[in-house]
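Welcome, and please take a moment to look over the structure below. We will walk through it one region at a time.

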Amino acid sequence: GGWAGVDVFFCLSGFLITALILDEQRVHGRLDWVSFYARRACRLLPALLLMLAVWTATLLAFNSRGFLGATPSGDGTGRVIDISRALTDVVVATFYLANWNIVDGGQEAPLGHLWSLSVEEQFYLLWPVVLVGLLALGSRLRLWLLGALIALCAVLPWVLWNDGAGTERIYFGTDTRAVGLLIGAFAAMVWHRRKATNTPTRYAAARAWIGLAVVLYIAWTAEDSPRKYLVYLTLLAVAVAQVVPYLADNRGVLARGLARPWLIWLGKRSYALYLWHYLWATWTHVLPAPVGIPLGIAASLVCAELSWRLVERPASRFGRRWTRVAH
């Protein structure tokens with residue numbers, strides 16, 4: 001059920017980026033496009049380039065060793081990686097196209113986890129343009145149009161299903177996975193309008209707890225079934241959209257539970273941990289599980305800490321040069 005975390009992340013990301021844009025529009029009357037994309041690049045690109053550089057150097061140094069290709073979904077024996085094809089995959093990942101690389105026939109380089117970053121970055125590229133266009137319309141009309149776009153993305157998996165042959169296209173496609181990002185964006189627009197008009201929300205706490213329960217239930221029980229591709233991608237996002245606005249407004253039990261120091265520490269390093277965990281899961285997969293799993297977790301945490309301190313934090317400070325609104 002770990003895949004459910006991806007849907008949680010997409011909805012949260014859609015909410016966050018939309019709220020940031022709406023705040024900038026409210027304060028300054030327009031979106032500074034150069035500043036927006038400069039901040040996103042400083043936040044995400046340096047850590048990605050560091051990880052890809054280390055992986056490429058490892059490939060060139062140990063290209064004849066099978067541990068480089070021992071993916072967690074494999075049998076643990078690994079395989080020798082074709083260098084030229086793998087380097088092509090690295091270039092594709094740098095340009096945030098890893099998801100379509102998988103759909104078009106798979107990757108030689110075991111960097112499949114970068115598909116979700118690619119979906120997010122493609123969304124970041126297109127969504128601000130769409131959102132600014134929607135903001136030129138009436139508040140009710142823009143929500144209806146966004147709802148129609150969400151419905152289209154939610155229906156696409158049914159069109160592409162093809163008796164199960166379309167699972168990869170559904171799971172990795174930007175258009176199908178945009179449903180979570182757009183539901184998060186919809187929640188942010190409703191939340192932002194409610195704050196501007198000081199409108200109370202009904203049953204916010206109950207909806208948040210129910211949403212959390214739905215996420216946990218699906219993550220704990222879901223199998224690789226048609227529901228995962230046809231229903232759960234949307235249902236998970238709807239559930240998360242009940243939780244995030246509540247956490248933004250309230251400091252109750254749920255918020256306090258998520259404000260533990262160790263969770264905050266982990267959250268700040270979550271992007272680096274996302275980048276590094278799959279590499280170590282691959283490199284240590286040839287080892288016996290009692291050795292490989294603790295080693296992989298520990299090494300991932302160390303790399304995440306180094307990435308955060310030496311790359312991400314300095315890059316984010318540099319990126320704040322383009323910050324117009326304090327968040």
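Let us begin at Ser116, which is found in helix H5, covering residues 115–135. Keep in mind as you look that this is a predicted model. Is Ser116 buried or exposed? Its relative accessibility is 5%, so Ser116 counts as buried, the limit for that label being under 20%. Leaving out residues up to four places away in sequence, Ser116 touches Val6, Phe10 and Tyr274. With Tyr274 there is also a polar contact, in which the side chain of Ser116 meets the side chain of Tyr274 at 3.0 Å.

From here we can turn to the nonpolar interior. The largest nonpolar core has 81 residues. Which residues have the most contacts inside this core? They are Leu48, Met51, Trp55, Leu111, Leu114, Trp127 and Leu275. Trp55 is a good one to click on: not counting residues up to four places away in sequence, Trp55 touches Ile81, Ala86, Val90, Ala109, Pro110, Leu111, Leu279 and Trp283. Another core, of 5 residues, lies apart from the largest one, and its members include Ala204, Ala208, Tyr246 and Leu254.

Now for the surface. Val155, Trp158, Val159, Val231 and Leu235 form a nonpolar patch there, and together they have about 460 Å² of accessible area. Helix H6 (139–160) and H10 are the elements that give two or more residues to this patch. H6 gives the most, with 3 residues. One residue to find in helix H6 is Val159, which counts as exposed because its relative accessibility is 60%. Val231, for its part, lies in helix H10, made up of residues 226–249. At 33% relative accessibility, Val231 counts as partly exposed. What does Val231 contact, leaving aside its neighbours within four places in sequence? Val231 is in contact with Trp158 and Pro226. Val231 and Trp158 are 73 residues apart along the chain, and their C-alpha atoms are separated by 9.2 Å.

Next come the charged pairs. How many salt bridges does a search of the whole structure find? The search finds 11. In one of them, Asp7 pairs with Arg177, and the closest N and O atoms are 2.8 Å apart. This pair links distant parts of the chain, since Asp7 sits in helix H1 (residues 4–28) and Arg177 in helix H8 (residues 174–197), 170 residues apart. Both Asp7 and Arg177 are buried.

Helix H8 takes part in another link, for the side chains of Arg194 and Asp249 meet in a salt bridge at 2.6 Å, N to O. Arg194 lies in helix H8 and Asp249 in helix H10, so this pair ties together parts that are 55 residues apart in sequence. With a relative accessible area of 18%, Arg194 is buried, whereas Asp249 counts as partly exposed at 35% relative accessibility.

A salt bridge within one helix joins Arg309 and Glu305, whose closest N and O atoms are 2.2 Å apart. Why are these two separated by about one helical turn? Arg309 and Glu305 are 4 residues apart in helix H14 (residues 289–319), which puts about one helical turn between them. Arg309 counts as partly exposed, at 43% relative accessibility, and Glu305 counts as buried, at 16%. To finish with the charges, look for Arg79, Arg85 and Glu108, which are linked in a network of salt bridges.

Our last stop is the backbone. Most residues other than glycine have a negative phi. Which way does Tyr96 go, positive or negative? Tyr96 has a positive phi of about 60 degrees, although it is not a glycine. You will find Tyr96 in the loop between helix H3 (83–94) and helix H4 (98–103). Asp163, also not a glycine, has a positive phi of about 55 degrees. Asp163 has its place in the loop between H6 and helix H7 (167–172). As for their surroundings, Tyr96 counts as buried at 13% relative accessibility, while Asp163 counts as exposed at 77%.

Note on methods
Residues numbered from 1 in each chain as written. Predicted model: local features only at pLDDT ≥ 70, side-chain atom pairs only at ≥ 80, totals over all residues. Heavy atoms only, no water. Core = buried A, V, L, I, M, F, W, Y, C linked by side-chain atoms within 4.5 Å. Buried < 20%, exposed > 50% of the residue type's maximum accessible area, 1.4 Å probe, protein only. Contact = heavy atoms within 4.5 Å. Polar contact = N/O pair within 3.5 Å; in protein donor to acceptor, adjacent residues only side chain to side chain. Patch = residues over 30% accessible without salt bridge, like charges linked within 9 Å, V, L, I, M, F, W, Y side chains within 5 Å. Areas by Shrake-Rupley, 256 points an atom, 1.4 Å probe, with all protein chains shown as cover. Salt bridge = Lys/Arg side-chain N within 4 Å of Asp/Glu carboxyl O.
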